[in-house]
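Visitor: Hello! I am new to reading protein models. Could you take me on a close look at a single part of this one, and show me how that part fits with what surrounds it?

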Amino acid sequence: MHELSILMGMVETAEQYAREQHADRITGITLEIGEMSSVVPEYVEFLFPDVTEQTMLEGASLTIKRQPVCVACRDCGQVYEWRKEKYRCPGCGSESARIVSGRDFMIQSIEIRREDGYDGSGQDH
Ligand SMILES: [Zn+2]
């Protein structure tokens, strides 16, 4: 389960960001996980409470968004969403393509709270 080390890195990045913003708590985090990423969202959800314990992320809400896999045709350059069942360029019918997105794991947004009551998200919860 390499999700654990990935999550620990994520916590570090989020805490660093929060400190830069002079926040004392992180109230929510949104992660984007590519459909072709090796990170399993179910593991991330499962591990999240343990990994964030006694960090600024403790008790934060977790949102996971899936990023679709997009490929670029090697023959005509068209970018399209990749699906297992129809892996073929809609432009020229070529089956040769390279992945351009969908393998990533990233932090999409972080909601922070400052002692002075500033809500980083600008939203009500
Ligand atoms: Zn094509």
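Guide: Let us begin with a term we will need: two residues are in contact if their C-beta atoms, placed from the backbone, lie within 7 Å. With that in hand, look at Ile29. Leaving aside its neighbours within four places in sequence, Ile29 is in contact with Ala14, Leu57, Ala60, Leu62, Ile107 and Ile110. Please keep in mind that this is a predicted model. The mean pLDDT of the protein is 90, and 92% of its residues reach 70 or more. Among the elements, confidence is highest in strand 1, at a mean of 97, and lowest in strand 5, at 93.

So where are we? Strand 1 covers residues 25–34, and that is the part I would like to explore with you. Strand 1 belongs to an open sheet of three strands, in the order 2-1-6, with mixed pairing. Strand 2 (61–67) and strand 6 (105–113) stand at the edges with a single partner strand each, so one side of each has no neighbour in the sheet. On average, neighbouring strands here are turned by 15° against each other, direction ignored.

It helps to know how such strands are held. Strands of a sheet pair through backbone hydrogen bonds, either parallel or antiparallel. Strand 1 and strand 2 pair in the parallel sense, over seven bridges. To find one of these pairings on your screen, start at Ile33, whose bridge partner in strand 2 is Arg66.

Now for the helices. Helix 1 (residues 3–20) packs on this sheet, where it touches strand 1 and strand 6, and its direction makes about 40° with that of strand 6. Helix 2 (residues 41–51) lies across strand 1 and strand 2, and runs at about 170° to strand 2.

Let us return to Ile29 and its surroundings. The largest nonpolar core has 16 residues, and those that touch the most other members are Ala14, Ala18, Ile26, Ile29, Leu57, Ile110 and Ile112. Helix 1, strand 1, helix 2 and strand 6 are the elements that give two or more residues to this core. Apart from it lies another core, of five residues, including Val71, Trp82, Cys89 and Ala97.

That other core leads us to a further group of strands. In a regular strand the side chains alternate between the two faces of the sheet. Strand 3 (residues 70–73) shows this: Val71 and Cys73 point to one face and are buried, while Cys70 and Ala72 point to the other and are not. Strand 3 pairs in the antiparallel sense with strand 4 (residues 79–81), over three bridges, and Cys70 stands opposite Glu81 there. In the hairpin of these two strands, with five residues between them, Gly77 takes a positive phi near 85°. Strand 3 also pairs in the antiparallel sense with strand 5 (residues 97–101), over four bridges, and here Cys73 stands opposite Ala97.

What about a residue of helix 1 that is not buried? Glu15 is in helix 1, and it is partly exposed because 17 other C-beta atoms lie within 10 Å of its own, where a buried residue needs 20 or more. Not counting residues up to four places away in sequence, Glu15 touches Thr55 and Met56. Glu15 and Tyr80 are 65 residues apart in sequence and 36 Å apart in space, C-alpha to C-alpha.

Two loop residues are also worth a visit. His22 sits in the loop between helix 1 and strand 1, and its phi is near 60°, a positive value in a residue other than glycine. His22 counts as exposed, with 11 C-beta neighbours inside 10 Å. Gln54, in the loop between helix 2 and strand 2, likewise has a positive phi near 60°. Gln54 is exposed, with 6 other C-beta atoms within 10 Å.

Finally, step back to the whole protein. There are two helices and six strands, following the pattern α-β-α-β-β-β-β-β along the sequence. The radius of gyration is 18 Å, whereas a compact globule of 125 residues would have one near 14 Å. The C-alpha atoms fill a box of roughly 55 × 30 × 25 Å along the principal axes, and 20% of the residues count as buried.

Terms used. Residues are numbered from 1 along each chain as its sequence is written. This is a predicted model: local features need pLDDT of at least 70, side-chain atom pairs count only at pLDDT 80 or more; totals for chains, interfaces and linings use all residues. Two strands pair if DSSP finds at least two bridges between them. Axes are lines fitted to C-alpha atoms, for helices over the stretch in contact, and angles run from 0 to 180 degrees between N-to-C directions. The radius of gyration is taken over C-alpha atoms; the globule rule is 2.2 Å times the number of residues to the power 0.38. A residue is buried if 20 or more other C-beta atoms lie within 10 Å of its own, exposed if 12 or fewer, and partly exposed in between; C-beta atoms are placed from the backbone. A nonpolar core is a set of buried Ala, Val, Leu, Ile, Met, Phe, Trp, Tyr and Cys residues joined through C-beta atoms within 7 Å. pLDDT is the predictor's confidence in each residue, from 0 to 100.
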